[in-house]
Amino acid sequence: MVTSVTPRPSYSFLRYRRLWEQYIAPQWRLVSLLTIFLLTTIGLQLLTPFILGQFIDAVTHGRAADTLFVLAVVYLCVAFFARGVRVGETYTAERLAWITTNALRLDVARHCLRLDLSFHHQHTPGELIERVDGDVSMLNNLFSRFVLVLINSVLLTVGMLVVLLLIDLRIGLTLLVYTGCYLLVNILLSRIPPPYFVKARQAEAELFGFLEERLSGTEDIRANGAVDSVLHRLTFFLRQRFLLQRRAELVSQEVRGVRMLMYIIGTLIALGLDAYLYLSGTITLGIVYLIFAYTMQLWDPLREITHQIGDFQQAVAGLSRLDELLQTRTAIPDGELEQLPEGPLAISFETVSFGYQAAKPVLHAISFSLTPGTVLGVLGRTGSGKTTLTRLLLRFYDPDEGCIRLNGVDLKMIKLDVLRSRVAVVTQDVQLFHASVRNNLTLFDRSISDSAIEDALKTLGLLEWSQRLPQGLDTILRSGGESLSAGQAQLVALTRIFLAHPDLVILDEASSRLDPVTEALLDRAISGLLRGRTGIIIAHRLTTLKHVDEVMILERGRVGEYGPREQLAQGSESYYSRLLQVDDMEDAK
Ligand SMILES: Nc1ncnc2c1ncn2[C@@H]1O[C@H](COP(=O)(O)OP(=O)(O)OP(=O)(O)O)[C@@H](O)[C@H]1O
């Protein structure tokens with residue numbers, strides 16, 4: 001059972017175009033606003049040195065104080081306006097970045113939740129968090145500013161060079177050639193750091209995966225005295241991340257150093273030429289300042305262009321991992337049938353075989369059928385394949401051979417949403433959320449009213465139990481089920497699926513021992529839940545089997561015994577009747 005991956009062409013710009021069309025194009029209003037802000041910034045950047053140049057010339061030519069005052073006021077107004085435009089630009093860009101990346105985060109999370117269990121067994125939750133949030137965050141700039149800033153920086157560079165060419169051809173041409181060299185060297189340099197950052201991010205994903213797994217197993221780790229070994233391992237992951245992150249930062253600093261050197265050389269060339277022309281009397285002091293100011297300003301868009309390209313290359317790493325994830329297809333293709341007849345469902349397994357790995361079959365040619373409204377009890381040693389059987393019924397996996405039918409229809413033909421709305425499962429490890437009992441029962445579905453919850457609790461004989469909880473339905477449960485016993489957690493889960501009105505109920509009983517009160521409550525709830533429904537119970541307590549009509553004993557993935565409960569109980573040779581005898585003896589002790 002392998003999750004299939006369909007590789008796509010790896011052209012970064014092609015990928016980027018697809019993302020642009022899907023997430024950025026719909027935000028065209030914000031994009032237009034951002035374009036206006038950026039264009040205005042360019043205009044203002046070209047204008048301010050010009051005003052200062054005029055001011056200097058006015059001073060050196062001894063113009064009237066009024067002219068100087070007007071120029072100073074204009075300069076101040078332009079400077080304030082430019083600040084305002086910057087604030088507007090930042091606000092719009094952030095808005096665009098968060099709207100678009102959150103849409104992508106949602107899509108990635110939705111996609112992960114739809115992938116089959118084999119995918120989730122291969123990837124730790126920590127790793128997926130890093131994909132859904134870490135990688136997407138790297139796209140912030142790509143989604144909001146990349147194209148616009150790149151276009152604007154190119155325009156600004158061209159604008160500055162044109163102005164410099166117009167002021168003085170020699171200076172303009174020298175800086176034009178220098179700009180070409182600067183860009184070429186920097187684009188080549190910007191390819192160096194990304195692979196180091198990719199490795200550092202991978203180490204980060206591994207660290208998060210490790211932390212998530214160990215923190216969720218805190219109880220077992222402490223109980224087994226494994227805290228020191230966990231910390232030792234954590235030190236290893238932290239050190240690994242530290243070394244890789246430090247290496248990446250150092251390489252990045254080295255590249256920045258070379259860039260700085262080029263900047264200094266460029267400035268020296270421009271200043272040298274400037275001084276030469278001034279001393280030879282070709283240009284005025286105002287023009288000297290103008291050339292100096294434009295040369296200084298030229299580095300901003302050039303830095304921005306190389307920064308954007310470097311950023312794009314870093315984002316590409318995240319982008320390709322996201323793309324790979326989004327291209328991962330579930331091994332469980334959806335069916336097309338949108339409806340199944342109302343009422344309890346009939347089940348049939350026809351020589352079903354399955355293994356999580358091809359070489360290790362877990363179920364071997366399992367065949368049985370249940371008529372609507374019948375309840376089957378499944379027994380077997382640990383590892384005999386009981387849970388696997390129920391996973392196949394929910395299509396978390398598909399059989400390698402044979403066919404499973406509901407009301408005569410092959411499971412593969414039924415839409416997954418339809419199937420999972422009619423079949424519900426209570427697992428051994430009930431997933432409780434850090435939320436109120438109400439939300440845990442409704443799974444945050446606000447359309448389920450309190451009176452519907454109370455009716456369900458009443459039918460299952462749990463109303464009193466729920467009223468005894470410290471704050472009734474408002475009692476806050478802690479995630480991981482720490483606040484409830486395994487039996488109580490199952491009571492919550494039974495009510496949860498009762499509210500979903502399934503027609504086939506699968507119950508994987510908690511194997512831990514239950515106190516008599518909880519046991520009695522569970523028994524009542526199970527009878528309430530199974531009334532008028534088809535059911536499969538993986539029973540760990542023989543008392544539960546009083547609810548079942550038929551019994552199946554699984555032995556190493558094969559059907560060892562199968563038949564009506566009464567009949568098996570009476571047959572002295574049957575494994576089931578021997579189990580009952582052992583149980584009677586235990587009770588007699
Ligand atoms: N996700 C998985 N990947 C690989 N092997 C698995 C996976 N889940 C279960 N197995 C293996 O499949 C076999 C059957 O497991 P299964 O959980 O179905 O047994 P079970 O009868 O329900 O056991 P228990 O009573 O302990 O819950 C076991 O050998 C188990 O190790």
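Two strands pair if DSSP finds at least two bridges between them, and strands here are DSSP runs (E, at least two residues), numbered from the N terminus like the helices (H or I, at least four). Strand S11 (residues 504–508) offers a good place to start, with a partner in each row below.

| Strand joined to S11 | Bridges | Direction | Residue pair |
|---|---|---|---|
| S8 (residues 423–426) | 4 | parallel | Val425 opposite Ile506 |
| S12 (residues 534–538) | 5 | parallel | Ile538 with Asp508 |

The model is predicted: local features need pLDDT of at least 70 and side-chain atom pairs pLDDT 80 or more, while totals for chains, interfaces and linings use all residues. Residues are numbered from 1 along each chain as its sequence is written, and side-chain values use heavy atoms, without hydrogens and water.

Is S11 buried or exposed? In S11, 5 of its 5 residues are buried (under 20% relative accessible area, 1.4 Å probe, protein chains only). Leu504, Ile506 and Asp508 point one way, Val505 and Leu507 the other.

Now for a helix pair. The axes of H16 (residues 450–459) and H18 (residues 486–499) come within 10 Å and cross at roughly 120 degrees, with axes fitted to C-alpha atoms over the stretch in contact and angles running from 0 to 180 degrees between N-to-C directions. H16 and H18 are therefore oblique to each other (not under 35, over 145 or 65 to 115 degrees). Ala452, Ile453, Ala456, Leu457 and Thr459 of H16 meet Thr495, Phe498 and Leu499 of H18, where contact means heavy atoms within 4.5 Å.

Definitions and conventions:
Buried means under 20% relative accessible area, exposed over 50%, partly exposed in between (1.4 Å probe, protein chains only).
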